[in-house]
Amino acid sequence: MDGNNGFTFTEVNSVKASSMKVISCHFSADGKWLATAGHDKKAVLWYTDGLKPKSIFEGHSSLITDVCFSPVLPYLATSSFDKTIRVWDAGSPHDSLHTFRGHSTCVMSVDFHSNRDDLICSCDGNGEIRYWSITNSNCAGVFKGGTAQVRFQPRLGRYLAAAEDFSVSILDVETQASRQLLQGHVKPIHFLCWDPSGEYLASVSEDSVRIWRVGSGDEGECIHELRSKGNKFHSCVFHPTNPSLLIIGCYQASWNLHLLMTLVITIKFLNFLLCKYVAGVCYCF
């Protein structure tokens, strides 16, 4: 952290994860492993230190849309266009431990519950959300509400955030009731992330990023909005130890690369750090 210039980033390593598009990546809870997955139908597990490959997980018959680690067990889950979700033992690159079938179309996202180690959630392109029990290897619930992404609230796991078209539903995990409907985007939402406390949620569409305060009431409050000035936003993540920093990924950017070696836009207490994706590589400024 530079007191005058804000946060700066320096590339320490890079690796070509695939000859095809990488769609999703996720760090394990202890930070020792990184999982990547995408159009080559494989999930690759990397040692974070040195970015050396550890294992390759194969089994999907179509591209993988999402990959995530369990926060409490050495498992990772993948969702795919082949309409399935697979759960893998991160320490054993063999067949998946579980393959869940039931979605009628492409599965777009998957996530582990933050403190219930047997529960995962998925959503498909038709807006169907399914809970799955790892213990019983079956579907534990079906309801409507998400087409793009689902993310459990960190720590407490009381809520599930589900993105569908231009809105985000905040669903009660136990009852599946919609507690809040977050509206305001004018283009489809394709990415969500919670801050580490589980009190704030970021939603990303192509032309804007919104930060929401998710309280215990029925109304979610948009406390910040970053509108695009030519950039095409794609993804976001809160810094794990400095939750006032939100990093935003773009797949097209309008800024001058030479002039913007470091760009930090401060909006009240939040720092928005823009990243540019070029040929599958994320450059941070």
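Mentor: A nonpolar core is a set of buried Ala, Val, Leu, Ile, Met, Phe, Trp, Tyr and Cys residues joined through side-chain atoms within 4.5 Å. Buried means under 20% relative accessible area, exposed over 50%, and partly exposed in between, with a 1.4 Å probe and protein chains only.

Mentor: This is a predicted model, where local features need pLDDT of at least 70, side-chain atom pairs count only at pLDDT 80 or more, and totals for chains, interfaces and linings use all residues. Residues are numbered from 1 along each chain as its sequence is written, and side-chain values use heavy atoms, leaving out hydrogens and water.

Trainee: Which residues have the most contacts inside the largest nonpolar core?

Mentor: They are A202, V209, I211, F233 and L246, in a core of 14 residues. At least two core residues come from each of strand 18 (200-205), strand 19 (208-213), strand 20 (221-227), strand 21 (232-238) and strand 22 (245-252). Strands (E, at least two residues) and helices (H or I, at least four) are DSSP runs, numbered from the N terminus. By that count the protein has 25 strands and zero helices, and 48% of its 285 residues are buried.

Trainee: How many disulfides are there?

Mentor: Zero. C193 is in none, as the nearest cysteine sulfur, that of C236, is 3.1 Å away; a disulfide needs two cysteine sulfur atoms within 2.5 Å, so this pair does not qualify. C193 itself is buried, at a relative accessible area of 9%.

Trainee: What makes Y131 and F152 an aromatic pair, and why is the pair called stacked?

Mentor: Their centres are 6.2 Å apart and their planes differ by 25 degrees. Rings of Phe, Tyr and Trp (its six-membered ring) pair with centres within 6.5 Å, and planes under 30 degrees apart count as stacked, over 60 as edge-to-face and the rest as tilted, so both tests are passed. The pair links Y131 in strand 11 to F152 in strand 13 (residues 149-152), 21 residues apart. Y131, F143 and F152 form one aromatic cluster.

Trainee: How do you know that Y131 is buried? And F152?

Mentor: Y131 has a relative accessible area of 3% and F152 has 5%. Both values fall below the cut-off, so both residues count as buried.

Trainee: Which strands are at the edges of the sheet 9-10-11-12?

Mentor: Strand 9 (107-112) and strand 12 (138-144), as each pairs on one side only. The sheet is open, with four antiparallel strands. Strand 11 (residues 128-133) meets strand 12 over six bridges; two strands pair if DSSP finds at least two bridges, so this count is enough. Y131 has G141 of strand 12 as its bridge partner.

Trainee: What makes strand 15 mostly covered?

Mentor: In strand 15 (residues 167-172), six of six residues are buried. S167, S169 and L171 lie on one side, with V168, I170 and D172 on the other. In a regular strand, side chains alternate between the two faces of the sheet.

Trainee: How many bridges join strand 15 to strand 16?

Mentor: Five, with strand 16 (residues 178-183) running antiparallel to strand 15; V168 stands opposite L182. Strand 14 (residues 159-164) pairs with strand 15 over six bridges, also in the antiparallel sense, and A161 stands opposite I170. In the hairpin of strands 14 and 15, with two residues between the strands, D165 takes a positive phi near 55 degrees.
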